[in-house]
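I opened this notebook to keep track of what I looked up. The entries follow the order in which I went through the structure.

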Amino acid sequence: MRITKTELDGVLIVEPDLFRDERGFFLETYRQDLYAAEGITCTFVQDNHSQSRQGVLRGLHYQDLTAPMAKLVRCSRGTILDVAVDLRVGSPTFGRWVAAELSDQNARQLFIPVGFGHGFLTLSAVAEVQYKCSGYYAPAAEGAVRWDDPALGIIWPVADPIVSLRDQQAQSIAAYGERPAFVYEP
């Protein structure tokens, strides 16, 4: 397994060992001892699985500290552009983002700790995304920041994605900053 640190402290790209042969492939998608040795020490309590068609953009979502949730995201079918945004007010990287292409071919994963927003764009005809969560889904704790906020400047490779009404109505990063869910603690 290879771990790549990103410019956002705590956000990691994970590349599990992938064994291919004439039969297909095998990989361990999660193994607690190996992940813990690389700094991913949270306990995962819920697994989620979504399917989206090409051009669907989901995000940028988070759960506040009343029900915090870290995620370990992978794409088991197709290809997505997965994005994490630092939402920790006072952080040296507040409002900055990183992106990684996750696919069934590269088997990469993105670890997104508490304090970050998460979203993804489906690049293939269909994509299935699976993610492990360190907290249970809690509707009262969920929030969202606009995926297309110019202040974030995320470069999405699709001009007019398919976005839910909830995500269309999400707050700007400036509005989020007035009532933040997360505050940076060095």
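**Entry 1, a side chain.** I began with His61 in this predicted model. The side chain of His61 comes to 3.4 Å from the backbone nitrogen of Gly59. I placed His61 in strand E6, which covers residues 57-63. I then looked up its contacts, leaving out neighbours within four places in sequence. His61 touches Phe116, Gly117, His118, Gly143, Ala144, Arg166 and Asp167.

**Entry 2, the record.** I checked which residues UniProt lists under "active site". The entry, which is unreviewed, gives His61 and Tyr131. The two span 71 residues in sequence, yet their C-alpha atoms are no more than 13.4 Å apart, so they gather at one spot. Of these residues, His61 belongs to the lining of the largest cavity.

**Entry 3, the other listed residue.** I found Tyr131 in strand E13, residues 126-133. Is Tyr131 buried or exposed? Its relative accessible area is 18%, and buried means under 20%, so I wrote down Tyr131 as buried. With neighbours within four places in sequence set aside, Tyr131 is in contact with Gln46, Asp47, Asn48, Lys71, Leu72 and Val73.

**Entry 4, the strands beside E13.** I asked which strands pair with E13. Strand E5, residues 46-53, runs antiparallel to E13 and is joined to it by 8 bridges. In that pairing I noted Asn48 opposite Tyr131; Asn48 is also among the contacts of Tyr131. Strand E7, residues 71-77, pairs with E13 as well, in the antiparallel sense and over 6 bridges. Here Arg74 stands opposite Gln130 of E13. I added a reminder for reading strands: in a regular strand, side chains alternate between the two faces of the sheet.

**Entry 5, the cavity.** How many cavities of 30 Å³ or more are there? I got a count of 1. The space in the largest cavity is about 40 Å³. I listed its lining as His61, Tyr62, Gln63, Met69, Lys71, Ile112, Phe116 and His118. Strand E6 and strand E12 (116-122) each supply at least two of the lining residues. E6 gives the largest share, 3 residues.

**Entry 6, cross-check.** I compared the lists. Phe116 and His118 are contacts of His61, and both also line the largest cavity. Lys71 is a contact of Tyr131, and Lys71 is in the cavity lining too.

Technical notes. Residues are numbered from 1 along each chain as its sequence is written. This is a predicted model: local features need pLDDT of at least 70, side-chain atom pairs count only at pLDDT 80 or more; totals for chains, interfaces and linings use all residues. Side-chain values use heavy atoms; hydrogens and water are left out. UniProt positions are given in the numbering used here, feature names are shortened, and annotations may be inferred rather than shown by experiment. On a 1 Å grid over the protein atoms alone, a cavity is a set of points where a 1.4 Å probe fits but cannot get out, and a pocket is an open set with protein on both sides within 12 Å along at least five of seven lines; lining residues have an atom within 4 Å of a point. Contact means heavy atoms within 4.5 Å. A polar contact is a pair of N or O atoms within 3.5 Å; within protein, one must be able to donate a hydrogen and the other to accept it, and residues adjacent in sequence count only if both atoms are side-chain atoms. Buried means under 20% relative accessible area, exposed over 50%, partly exposed in between (1.4 Å probe, protein chains only). Two strands pair if DSSP finds at least two bridges between them. Grid points are joined across faces, edges and corners, and a volume is the space filled by probe spheres set on the points.
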